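User: Please pick out the charged pairs for me and go through that part closely. After that, follow the thread outwards into the rest of the fold.

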Amino acid sequence: MRIEWKTCLKVGITVILLFIFIRYWDVCMGVTGTAWAAAFPLFLGCALAYVLNILMCFYERHLFPRKKGRVWSRLRRPVCILLAMTSIVLILFLIVRMVIPELSSCLQLLFSQLPGALESGFLWLEENFGVTSFLQELMAMLPETEAEWQEVINRFLETFLSGVGNIMEIATNIIFSTVSITITFVVALVFSIYLLMGKEKIGQQIRTLMKVYLPQKMTDGILYVAKTFDNSFHHFIVGQFVEAFILGLLCTIGMLILQLPYAAMIGSLIGATALIPVAGAYIGGVVGTFMIFTVSPVKAMIFLLFLVILQQLEGNLIYPKVVGSSIGLPGIWVLATVTIGGGIAGVGGMLLGVPIIASLYQLLKGDVQKRTRPVKQVKKQCPPKPE
């Protein structure tokens, strides 16, 4: 066997880099973390641009598509970007506008009924457990003389003053975190707008660089993989919003039939939280159960039972059919991916696991078909065996 010097050089460099990475693991992780923190606004901008691009393309297809002209061709893209951003902000505003006032009224009702509930609970404890004797023993443990009370007050002041520094430190960290999050979001938003404005030019530049510096076969393979992932993520996002709308609508209709309070508001909340695959509706269900509980505990139990049944219907029938069929992934694999992804990476695993597995499924399916197609053709060309 002849081994070329280029192969030896590549193997040597790979081994050296692997040794350095393992030997200086902490340093490499620190450098990687610093690079990720610095580039995070750009990655966030790419993700934001990808989501906005779906709405932007929808508006570009339907906003005077037949109009041609230099002025209108320049204005169509900025107008569509503005419409896409306005649509997302408007949806979020309507959801918050429907949920927050009703939740505030429920909290006010709960606090207004809290004194009576505490009094009833105290009487029940007194009748069943004799709490009065326990309170008398507790009162006997309190200081009696003025000097003892002064000592207790001094200890309290010392503890409070020692904690003021920690409180100021926590407040400062909160302020800096808020400012940092705001700056990150603004940078990501501006970067996403730049990407959307020149997406065709940026795509052409990337393809040109790949054709110049990479072999044609590798370039075609990378573009094919990128297109497959793009189709899976695009159909996943659209299917997820459709599924959330269906679930919110079914929840509202079911609550109206059962004559449960806050039907429209809780239905909207369930639909919004359903953007988290399979388990998202339970998050909104906790808030909905609490709000109905302030009106009637019995109706809260009815709502909880109804939501469990609806969630089982959604998780095992609606979600695999709507989202699974849109991304070309069988329903059983959607359910398995959501379960495993949620166990590994929580909500992020649920959100990203389905489109990633769908992309890998499509790539594997295409490769299997490519490898088995010549075999089938050879079998067809073979003459039949003589009897």
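Analyst: Let's start with Arg77 and Glu60, which are both buried. Here buried means under 20% relative accessible area, exposed means over 50%, and partly exposed is in between (1.4 Å probe, protein chains only). Bear in mind that this is a predicted model, where local features need pLDDT of at least 70 and side-chain atom pairs count only at pLDDT 80 or more, while totals for chains, interfaces and linings use all residues. Residues are numbered from 1 along each chain as its sequence is written, and side-chain values use heavy atoms, with hydrogens and water left out.

Searching the whole structure turns up 3 salt bridges, each one a side-chain nitrogen of Lys or Arg within 4 Å of a carboxyl oxygen of Asp or Glu. Arg77 and Glu60 form one of them, at 2.4 Å from N to O. Arg77 sits in helix 3 (residues 70-129) and Glu60 in helix 2 (residues 25-62), so this pair ties together parts that are 17 residues apart in sequence. Helices here are DSSP runs (H or I, at least four residues), as strands are (E, at least two), and both are numbered from the N terminus.

Arg77 also has a second partner: it forms a salt bridge with Glu200, with the closest N and O atoms 2.8 Å apart. Glu200 belongs to helix 6, so this pair links helix 3 to a part that is 123 residues apart in sequence. Arg77 counts as buried because its relative accessibility is 12%, whereas Glu200, at 44%, is partly exposed.

The remaining pair is Asp367 and Arg371, whose closest N and O atoms are 2.8 Å apart. Both lie in helix 11 (residues 331-381), 4 residues apart, or about one turn of the helix. An α-helix has 3.6 residues a turn, so residues three or four places apart point the same way. Asp367 is partly exposed at 32%, and Arg371 is exposed at 61%. Through shared partners, Glu60, Arg77 and Glu200 are joined into one salt-bridge network.

Helix 6 takes us onward. Its axis (helix 6 is residues 199-213) comes within 8 Å of that of helix 7, and the two cross at roughly 150°. Axes are lines fitted to C-alpha atoms, for helices over the stretch in contact, with angles running from 0 to 180 degrees between N-to-C directions. Arg207, Met210 and Lys211 of helix 6 make the contact with Thr219, Ile222 and Leu223 of helix 7; contact means heavy atoms within 4.5 Å. By class, that comes to 3 nonpolar, 1 polar and 2 charged residues. In this scheme Ala, Val, Leu, Ile, Met, Phe, Trp, Tyr, Cys and Pro are nonpolar, Asp, Glu, Lys and Arg are charged, and the others, Gly among them, are polar.

Now for helix 7 itself. Its 42 residues reach 61 Å from the first C-alpha to the last, close to the 62 Å expected at 1.5 Å a residue; the expected span is 1.5 Å times one less than the number of residues. Val238 is in helix 7 and is partly exposed at 35%. Val238 lies 9.9 Å from Leu55, C-alpha to C-alpha, though they are 183 residues apart in sequence.

Past the end of helix 7 there's a loop leading to helix 8, and Gln259 is in it. Gln259 has a positive phi, near 60°, and is exposed at 65%. Tyr262 is in that loop too, also with a positive phi of about 60°, and is partly exposed at 21%. Most residues other than glycine have a negative phi, and most peptide bonds are trans.

Finally, the largest nonpolar core has 19 residues, and Cys251, Met255, Ile266, Ile270, Ile292, Phe303 and Phe306 touch the most other members. Helix 7 (216-257), helix 8 (263-273), helix 9 (280-293) and helix 10 (297-327) each give it two or more residues. Such a core is a set of buried Ala, Val, Leu, Ile, Met, Phe, Trp, Tyr and Cys residues joined through side-chain atoms within 4.5 Å. Leaving aside residues up to four places away in sequence, Phe306 touches Leu250, Cys251, Gly254, Met255 and Leu258. For the wider setting, the chain has 11 helices and 0 strands, and 24% of its 387 residues are buried.
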